[in-house]
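Grab a pencil and open the viewer. Each exercise below has a task, followed by a solution that goes step by step.

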Amino acid sequence: MDPPFNETYRTFLYKQIKNTENNVPEIPFSFSVTSVVEEVELPVIDVSRLVEGAKKEREKCKQDIATASREWGFFQVINHGISMDVLEKMRQEQIRVFREPFDKKSKSEKFSTGSYRWGTPSATCLRQLSWSEAFHVPMTDISDKKDFTTLSSTMDKFASESEALAYTMAEVLAEKLGRKSSFFKENCVRNTCYLRMNRYPPCPQPSEVYGLMPHTDSDFLTILYQDQVGGLQLIKENRWIAVKPNPRALIINIGDLFQAWSNGMYKSVEHRVMTNPTVERFSTAYFLCPSYDAVIECSGDCPAYRNFSFGEFRQQVQEDVKKLGYKVGLPRFINHLY
């Protein structure tokens, strides 16, 4: 069932053990500065107020969303319109898919070629390794399915409802910036967005290996449904904090594109997933992305970032990962005229 992590990354793992025995620990910087990580609950926002609330309540809800996006870059939503039944079915179907033998998963015809991914092919050391596997599924793979399996129908329901929630959140955030809220429905259409189903297997060296490397998301915003195992951490005031799972909530986080589009008003925050020595973890994420030719125009009189297309941004990220082993992201697009 598990990908061949031990066999493929034996050199990194053996080097770690050898160096530790010689009292030369090869511990990533992110670990060395965070021996104790505080667990916190992200801001919780009842988004049913956007529909059911009086005008004052609706405006307060919009302000809460904008404030959390500025101050945290992450927040939780409850009464979000996606039923617990849909979420539980999504979790069950996800577990069933990942339970298949590795050889079958890696050659799966359920989705387009290349959808199944595991580990970090570009890794040159432990700190660049992600101890996880995933199905990266374009929305068109879901909506074009004609087999009507339980998996495809469940994914379609989850994706459609996540899409509606993402549009609502994005439009609220655009409104609070005084910008055109129709931008997202015009540019982030179904065939440019995707789902990612994640599994984080138990890891023999949880103190040295990430489940998912520290990163920011290369989209406008992400909607995350996670189980109750925990492991998600994010940067807040220059320190790592652990996110306390909330069974009633979905997590929303701001991506790089929204940070640029908002001229830095909304924050795309670095986050990571830690591994667990005994328990596997599951999550599903929806990513709100524009078409590759969509231009991200920074707002304001003194734009912090130059204009760039999503395709240009993606290409730069891929080049950096290939050359450096990690993503640089928005610093590549800083506007040096101001």
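**Exercise 1: the end of a helix**

Which residue just after H12 takes a positive phi? Then describe H12 itself and list its buried residues.

*Solution.* Keep in mind that you're looking at a predicted model.

- Step 1. Go to the residue just after H12: Gly325 has a positive phi of about 90°.
- Step 2. Now step back into the helix. H12 covers residues 310-324, which makes 15 residues. From first C-alpha to last, H12 reaches 21 Å, close to the 21 Å expected at 1.5 Å a residue.
- Step 3. Pick out the buried residues of H12: they are Phe310, Gly311, Phe313, Val317 and Asp320.
- Step 4. Look at what sits over them. The cover includes helix H11 (256-261) and strand S15 (308-309).

**Exercise 2: a glycine in a loop**

Is Gly230 buried or exposed? Find its loop and its contacts, too.

*Solution.*

- Step 1. Locate Gly230 in the loop between strand S8 (221-226) and strand S9 (232-236).
- Step 2. Check the accessibility. Buried means under 20% relative accessible area. Gly230 has 15%, so Gly230 counts as buried.
- Step 3. List the contacts, skipping neighbours within four places in sequence: Gly230 touches Pro245 and Arg281.
- Step 4. Try a distance as well. Gly230 and Glu39 are 191 residues apart in sequence, yet their C-alpha atoms are 9.8 Å apart in space.

**Exercise 3: the five-strand sheet**

In what order do the five strands of the open sheet come, and why is one side of S1 and of S7 left without a neighbour in the sheet?

*Solution.*

- Step 1. Read across the sheet: the order is S1-S10-S9-S12-S7, with mixed pairing.
- Step 2. Look at the edges. Strand S1 (38-40) and strand S7 (210-215) each have a single partner strand, so one side of each has no neighbour in the sheet.
- Step 3. Add the twist: on average, neighbouring strands of this sheet are turned by 35° against each other, direction ignored.
- Step 4. Zoom in on one pair. S1 and strand S10 (residues 239-243) run parallel and share three bridges. Here Val40 has Val243 in S10 as its bridge partner.

**Exercise 4: the eight-strand sheet**

Which strands are the edge strands of the eight-strand sheet? Then find the helix that lies across S2, S3 and S11.

*Solution.*

- Step 1. Write down the order of this open sheet: S2-S3-S11-S8-S13-S6-S5-S4, again with mixed pairing.
- Step 2. Its edge strands are S2 (44-46) and S4 (116-118), and each pairs on one side only.
- Step 3. From one strand to the next, the twist averages 25°.
- Step 4. Follow one pairing: S3 (residues 74-78) and S11 (residues 250-254) run antiparallel and are joined by four bridges. In this pair, Val77 stands opposite Leu250 in S11.
- Step 5. Spot the helix: H5 (residues 55-71) lies across S2, S3 and S11, at about 155° to S2.

**Exercise 5: the nonpolar core**

How many residues does the largest nonpolar core have, and which helix gives the most to it?

*Solution.*

- Step 1. This core has 82 residues. Those with the most contacts inside it include Leu221, Met169 and Phe258.
- Step 2. Helix H9 (residues 150-177) is the top contributor, with twelve residues.
- Step 3. Check Leu221 up close. Beyond its sequence neighbours within four places, its contacts include Ala166, Met169, Leu173, Phe258 and Leu288.
- Step 4. Another core lies apart from this one: it has nine residues, among them Phe5, Ala123, Leu129 and Val209.

**Exercise 6: salt bridges**

How many salt bridges does a search of the whole structure find? Take a look at two of them, and at one network.

*Solution.*

- Step 1. The search finds 22.
- Step 2. Start in H9, where Glu161 and Lys157 lie four residues apart, about one turn of the helix. Their side chains meet in a salt bridge of 3.1 Å, N to O. Glu161 is buried at 18% relative accessible area, while Lys157 is partly exposed at 45%.
- Step 3. Next, Arg306 and Glu312 form a salt bridge of 2.7 Å, N to O. Arg306 is partly exposed at 32%, and Glu312 is partly exposed at 31%.
- Step 4. Finish with the network: salt bridges link Asp2, Arg99, Lys105, Glu133, Arg199 and Glu280.

How values were computed
Residues numbered from 1 in each chain as written. Predicted model: local features only at pLDDT ≥ 70, side-chain atom pairs only at ≥ 80, totals over all residues. Heavy atoms only, no water. Helix = DSSP H or I, 4+ residues; strand = E, 2+ residues; numbered from the N terminus. Expected span 1.5 Å × (residues − 1). Buried < 20%, exposed > 50% of the residue type's maximum accessible area, 1.4 Å probe, protein only. Contact = heavy atoms within 4.5 Å. Pairing = 2+ DSSP bridges. Axes fitted to C-alpha atoms, helices over the stretch in contact; angles between N-to-C directions. Core = buried A, V, L, I, M, F, W, Y, C linked by side-chain atoms within 4.5 Å. Salt bridge = Lys/Arg side-chain N within 4 Å of Asp/Glu carboxyl O.
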